[in-house]
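Hello,

I am passing a structure on to you, since you have not worked with it before. Please have a look at it below, and then read on for what turned up.

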Amino acid sequence: MLIVKRLDPAACMPYETLTYHYARSLLYREDGGRTSFAVGAEWTEWSEGTSKAKAVGLVVIHFREDGGNAEVVSVFVKAAYRRQGIGTALLREAERILRDMPCERLSFTYYSGKAITPAVEAFLHREGWSEPVSEGKVYQTDKRIADAAWIRKTAMPKGMRSFYWHEIGPEEKARLLEAEGSLYPAFLSPFKSKLPAEESNSLGLRLHGETVGWCMTYRIADDTVLYDSVYVTPELRLSGCAFMLIAQSISIQLERGIPKAIFAVNNEAPFMRKMLDRWLMPYATGVSERRAAYKTIMTTRGQAHGGSIG
C-alpha cells in the first residue's frame with residue numbers, strides 16, 4: 001500500500017538519504033513550510049499479519065525570495081519502486097499543497113543526456129508544464145582533473161588573497177547583498193541559494209581588503225561537489241584570477257578526498273562558458289545541458305495567481 005503525504009520535520013529522518021546532501025537541512029526547518037516543505041512516499045508491506053513501512057520516494061520544494069515562486073529541489077524514487085507512478089504522485093501532491101499558498105509558479109530543473117531524461121520530458125509534457133528551455137551547460141569531472149596544468153597555477157597576483165567564504169563578516173555580506181544587480185548579476189549571487197554552501201572549498205577573493213570575487217560550491221553527494229557560481233569584477237576578468245580561484249577550490253576538493261565535481265555555467269555568462277570549454281572540457285567525463293520547465297500554480301478556486309512564464 002502506498003501513502004503520499006506532506007512530511008512533518010520530526011518524520012523526515014527515514015527520507016533524508018533520498019535527496020541531495022546539501023538539501024537535507026530543508027527537511028528540518030521549523031518554520032511552518034514558509035521556506036520549504038517535503039512530500040514523502042511510504043510503501044507498506046504486509047507479511048504474516050505484520051506490516052513494515054518503508055520510505056521510498058521524496059520531493060523537496062523550496063520557495064524563492066523573488067515573490068511567489070517555488071522550485072523543485074529534488075524528486076527521487078528508489079529504484080525498486082520506479083515505473084509505478086510514485087514520482088508523479090509526489091509532484092501532484094506538492095502542487096496541491098502549493099495551491100493553498102501564495103505561489104505563482106513552480107520550476108523544475110533537470111539535465112539532458114541522462115537515461116531518465118526522456119521520461120522526465122514526457123512527464124512534463126503530460127502534466128502541462130512549459131516547454132523546457134536551456135539555462136546553461138554542465139560539465140562533470142573526476143579526480144583526473146588533477147592532471148590539468150592550470151590546477152597548479154594558484155598563486156594570486158600581488159595584493160590579492162583568497163579566503164574561505166564562511167569567514168565573511170556580516171558588514172561585508174550586507175554590502176555585497178546591496179550590490180546585487182549593480183556590481184554583479186543575480187544569477188551569480190553568492191547568496192542566491194538558501195542552502196548551505198560547502199565550507200571546505202567555497203572561496204572568496206579580496207583585493208586590498210575588498211571582496212572582488214567568489215567561487216561558490218555545494219556538496220550534492222558524499223563524493224560530488226557542485227560549482228554553482230564563479231565571479232570576479234569586470235576589471236579583473238582578463239587577469240586569470242577567476243581560474244586561479246577555481247584551481248584553488250578544486251585542489252582543496254581533491255585534498256579532502258572528494259573525487260567528483262559538477263560545474264554549472266549559465267547561458268548569460270558567455271565568457272565563463274568559453275573559458276570552461278577551453279580549459280575544462282579536455283578533462284570532462286561528461287557534458288550536458290541544464291534545462292528548466294515551469295508550471296503556473298492555480299488556486300483552489302481554479303484561478304491563476306498571475307504572472308507569466310519566462
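**What was found**

The chain has 5 helices and 12 strands. Please keep in mind that this is a predicted model.

Let me start with the overall form. With 310 residues, a compact globule would be expected to have a radius of gyration near 19 Å, and the chain's value of 21 Å agrees with that. Along the principal axes, the C-alpha atoms fit a box of roughly 70 × 45 × 35 Å.

Next, the domains. The chain is divided into domain 1, which covers residues 2-103, and domain 2, which covers residues 143-258. Between the C-alpha centres of domain 1 and domain 2 there are 32 Å. Where the two touch, domain 1 contributes 9 residues and domain 2 contributes 8 residues.

So what does the contact between them look like? About 790 Å² of area is buried between domain 1 and domain 2, and carbon and sulfur atoms give 66% of this area. On the side of domain 1 that touches domain 2, there are 4 nonpolar, 3 polar and 2 charged residues.

How many salt bridges are there between domain 1 and domain 2? The count is 0. As for polar contacts, 2 residue pairs link domain 1 and domain 2 in this way, with both residues of each pair at pLDDT 80 or more.

I hope this gives you a comfortable way in. Do write back if you would like to go through any of it together.

Best wishes

Notes
Residues are numbered from 1 along each chain as its sequence is written. This is a predicted model: local features need pLDDT of at least 70, side-chain atom pairs count only at pLDDT 80 or more; totals for chains, interfaces and linings use all residues. Side-chain values use heavy atoms; hydrogens and water are left out. Domain bounds come from an automatic or database domain assignment. Contact means heavy atoms within 4.5 Å. Buried area is the accessible area (1.4 Å probe) that two parts lose on being put together, summed over both. A salt bridge is a side-chain nitrogen of Lys or Arg within 4 Å of a carboxyl oxygen of Asp or Glu. A polar contact is a pair of N or O atoms within 3.5 Å; within protein, one must be able to donate a hydrogen and the other to accept it, and residues adjacent in sequence count only if both atoms are side-chain atoms. Ala, Val, Leu, Ile, Met, Phe, Trp, Tyr, Cys and Pro count as nonpolar, Asp, Glu, Lys and Arg as charged, and the others, Gly among them, as polar. Helices (H or I, at least four residues) and strands (E, at least two) are DSSP runs, numbered from the N terminus. The radius of gyration is taken over C-alpha atoms; the globule rule is 2.2 Å times the number of residues to the power 0.38.
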